[in-house]
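Please read the model below with its confidence values at hand. The text then goes through its parts in turn.

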Amino acid sequence: HSIFFVAGRLQDDPEFHEHEGFRVHRIKAGRGIVGLLGSWMRLFFLLARKRGSYDIIHARGLSAFEVLIGIFARLLGKKAVVTFTMSNSELDFRKWGRILGRFGRMTFIFFHRFIPISSRLRAELEELGITANRIVDIPVGGDTSLFYPISLGEKEKIRAALKMIKSQKVVSFVGMIIPRKGVDVLVDAWCTVIQKYPSACLLIIGPRDPLTMHASGPTFFDNL
């Protein structure tokens, strides 16, 4: 048996490639209902073709693309688990639209196990009728060789590199810099914060360029 990954395929992505020693298969993501049906068919045929090489299908997150994995697994005699990481998002089927939302609500229950990373997500699953014996709590882990407390001296070096004064109050955000993470709300709120704490600094760390969003004025940008 082996571990392999399946992901959506954008226009310039190869159909399959190696990433850190693992095989990655990419399925063309279609648009609209017809495109979604095509994506489901391609996903099922891939899983059926490789069914002798795995026992468990693990879905990371839930969207319309993954919602039928529980059914596919049962048809293929496999087990399927799904991990939820975003509260008030992945399990809010109203955001999928009226028809697709109802369809998703009826089909996602065929996963064998549901893994929430927080108590809030567990509550959302219970509200949708998932019984406690099918929910497994696994909090987010971390690689302690990469993420660990640093010494005061190291902190001072980082502050100096970022041109922060020693006594400056710093609020940090680490994650994808996208509206879904609420970064735009944080940025707007920061304009109010610096009126009371003019020397405070908002440090945003993420894979996208620094925000310009809704805020304006030199005072704001001196503190971001």
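What follows covers confidence, strand pairing, a helix and the main pocket.

This is a predicted model, in which local features need pLDDT of at least 70 and side-chain atom pairs count only at pLDDT 80 or more, while totals for chains, interfaces and linings use all residues. Residues are numbered from 1 along each chain as its sequence is written, and side-chain values use heavy atoms, with hydrogens and water left out.

The mean pLDDT (the predictor's confidence in each residue, from 0 to 100) of the protein chain is 87, and 92% of its residues reach 70 or more. Among the elements (DSSP runs numbered from the N terminus: helices are H or I with at least four residues, strands E with at least two), helix α2 (residues 69-75) has the highest mean pLDDT, 98, and helix α7 (residues 218-221) the lowest, 44. The pLDDT is below 50 over residues 209-221, a stretch with 21 contacts in the model beyond near neighbours in sequence; contact means heavy atoms within 4.5 Å. Where pLDDT is low, the predicted coordinates should not be read in detail.

Strands β2 (residues 16-19) and β3 (residues 22-28) pair in the antiparallel sense over four bridges; pairing requires that DSSP finds at least two bridges between two strands. His19 stands opposite Phe22 in β3. The hairpin of β2 and β3 has two residues between the strands, and Glu20 takes a positive phi near 50° there.

An open sheet of three strands has the order β4-β5-β6, with parallel pairing. Its edge strands, β4 and β6 (113-116), each pair on one side only. On average, neighbouring strands of this sheet are turned by 20° against each other, direction ignored. Axes are lines fitted to C-alpha atoms, for helices over the stretch in contact, and angles run from 0 to 180 degrees between N-to-C directions. Strand β5 (residues 79-84) is joined to β6 by four bridges, and Phe84 has Pro116 in β6 as its bridge partner. Helix α4 (residues 119-127) lies across β5 and β6, at about 145° to β6.

The largest pocket (on a 1 Å grid over the protein atoms alone, an open set of points where a 1.4 Å probe fits, with protein on both sides within 12 Å along at least five of seven lines) has a volume of about 710 Å³. Of the 22 residues that line this pocket, the closest to its centre are Phe4, Phe5, Val6, His58 and Ala59; lining residues have an atom within 4 Å of a point. The elements that give two or more residues to the lining are β1 (4-9), α1 (32-49) and β4 (56-60). By class, the lining has 13 nonpolar, five polar and four charged residues.

Methods:
Points joined across faces, edges and corners; volume = space filled by probe spheres on them. Nonpolar A, V, L, I, M, F, W, Y, C, P; charged D, E, K, R; others polar.
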